[in-house]
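Colleague: Hi! Could you walk me through this one while I have it open?
Modeller: Happy to, let's bring it up.

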Amino acid sequence: MTDWSQRRGRVRRAPENFIAPELVDEINAKGVDDERRRFLRNSFVAASAGLLAGSAARAEAVDPADGDPAILNLPEHSKTLGKPVLTNPYGMPSRHESALQRRESPGLTRVAASSVSFTPLQGLFGIITPSGLHFERHHQGWHDIDPEKHRLMINGLVSRPKVYTMDDLMRLPSVSRMHFIECGANSAMEWGNVAVPSVQYTHGMLSCSEFTGVPLSVLLDECGIDLAQAKFVLAEGSDGSSMTRTIPITRALDDVLVAWGMNGEMLRPENGYPLRLVVPGVQGVSWVKWLRRIEVGDQPWASKDESIHYIDLMPDGLHRQYTSIQECKSVITTPSGGQVLLDKGFYNITGLAWSGRGKVSRVDVSVDGGRNWRTARLEGPLLNKCLTRFNIDWVWDGKPALLQSRAIDETGYVQPKQNELRAVRGTRSIYHNNAIQSWLVAESGEVSNVQVE
Ligand code: MTE
């Protein structure tokens, strides 16, 4: 009998770019109806089939009896002079990796300046998101602001209101910390039913970077905050969206940063250059980009993005406001939707876990839809309000399997099953969906997004 655990399984990538540009335009113009949903599904299936044919052809090309031509024939790059230094003064990924990109989910939004691009989680390693793949969410488009002209004002309940230039800020003692940022609307499409095919779209409003900046507490202290009266701060962005967010003073004085650095360089313009707020553990909307003002006050402002957006529609029809913490969540990134397992045998199941309340303390993985769980290895570093990479061995026997991950954080909170979350929150919410994700591995090896009780 074959010992499958000795055989190395191969994963075929999910199709990265499976929707024809015309279909994207059509969906963007007219929205998603049943017909266009069917087109989307078929495009994904067709792109998967194309990849399958490609990998079969590649497998056939190598006949072990004749030796591998990739070894026997000396390639051009071993015989010629390579390109000089500074061919790319700012380095770019290999052209062979060009399919790995942030992508928009067709039909989700109608105007690209008020939209979202998703991080391709399926193609990343470790916990840091390359800056060029950090997801984007803009309410009114992005700008590349001149840092010389950018200002940050601090006013309200302070004895010394101030206006800072970027130079003023960057002279202050800075700290660097690694944190995840997740949009409160991540996994929003999945509240009612399965909606999108791959982990890029189910979970890709999630990124993780090292941020550098000055603690907001240092600035508030310098401005003479009135601690007896101050209860909240308002953060205001300088783009056209009038993005303003209320943050409780205890949080503002805790680990919030006024940041200019991301992954060792200045923030990218799309991510708030030259200044953004970093509010660890809190939904992305509070991480105000192009930050221009902090006001200290004694009550919440209930601004438009706090009263009609980023709120939870509960089953009784009431709205819940200010539920800002991103609760503990995890997702398997390989195998995940759209990928194909090409052989029975050994696989490494890998994924990401995170919690807005602190560190992830454990991740369990099930391959039978939650009946049995095994504890995965957490790879270091294990940091506060940061992504955690997990891995676990698995031997696929070729039978259908239902893969799930369940994260537990240091407060003891356990990531809920879909039906547990729905029992409390209903199905009409948009925000704060941290339910367990299920991927079905079919006998054919194809992996798809499914929902189970
Ligand atoms: N800040 C401003 N000024 N304008 C915006 O549109 N979008 C918010 C937040 N900060 C936004 C903003 C939302 S909804 C999210 S999820 C995060 O920025 C996204 O940050 P990113 O684009 O760097 O991923």
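Colleague: How do the residues of the shell around the ligand divide into nonpolar, polar and charged?
Modeller: The shell has nine nonpolar, seven polar and six charged residues. Do keep in mind that this is a predicted model.

Colleague: Thanks. How many residues surround the ligand, and which are the closest?
Modeller: The ligand is surrounded by 22 residues. Phe135, His139, Asp239, Arg276 and Lys289 are the closest.

Colleague: What is the distance from the polar side-chain atom of lysine 289 to an oxygen atom of the ligand?
Modeller: That distance is 2.5 Å for lysine 289. Arginine 276 also faces a ligand oxygen, with an N or O atom of its side chain 2.8 Å away. For aspartate 239, the partner is a nitrogen atom of the ligand, and the distance to an N or O atom of the side chain is 2.7 Å.

Colleague: And how much of the ligand's area does the protein bury?
Modeller: The protein buries 100% of the 530 Å² that the ligand exposes when taken alone.

Colleague: Where does the ligand sit, then?
Modeller: In the largest cavity.

Colleague: Switching topic: is asparagine 391 buried or exposed?
Modeller: Asparagine 391 counts as buried, because its relative accessibility is 12% and the cut-off for buried is under 20%. Asparagine 391 belongs to strand β22, which covers residues 388-396.

Colleague: Which side chains does the side chain of asparagine 391 make polar contacts with?
Modeller: One is the side chain of threonine 350, at 2.8 Å. Another is the side chain of glutamate 379, at 2.9 Å.

Colleague: What about glutamine 339, where does that lie?
Modeller: Glutamine 339 is in the loop that runs between β16 (329-334) and β17 (340-341). With a relative accessibility of 4%, glutamine 339 counts as buried.

Colleague: Which side chain does glutamine 339 pair up with in a polar contact of 3.2 Å?
Modeller: The side chain of threonine 334. There is a backbone partner as well: a polar atom of the glutamine 339 side chain lies 2.9 Å from the backbone nitrogen of serine 336.

Colleague: Last one: why does methionine 153 count as partly exposed?
Modeller: Because its relative accessibility is 33%, and partly exposed covers values between the 20% and 50% cut-offs. Methionine 153 sits in strand β4, residues 151-156.

Colleague: How far apart are the C-alpha atoms of methionine 153 and arginine 293?
Modeller: Those C-alpha atoms are separated by 4.6 Å, although methionine 153 and arginine 293 are 140 residues apart along the chain.

Key:
Residues numbered from 1 in each chain as written. Predicted model: local features only at pLDDT ≥ 70, side-chain atom pairs only at ≥ 80, totals over all residues. Heavy atoms only, no water. Near = heavy atom within 4 Å. Polar contact = N/O pair within 3.5 Å; in protein donor to acceptor, adjacent residues only side chain to side chain. Areas by Shrake-Rupley, 256 points an atom, 1.4 Å probe, with all protein chains shown as cover. 1 Å grid on protein atoms, 1.4 Å probe; cavity = no way out; pocket = protein on both sides within 12 Å on 5 of 7 lines; lining within 4 Å. Sits in = over half its atoms within 2 Å of the grid points. Nonpolar A, V, L, I, M, F, W, Y, C, P; charged D, E, K, R; others polar. Helix = DSSP H or I, 4+ residues; strand = E, 2+ residues; numbered from the N terminus. Buried < 20%, exposed > 50% of the residue type's maximum accessible area, 1.4 Å probe, protein only.
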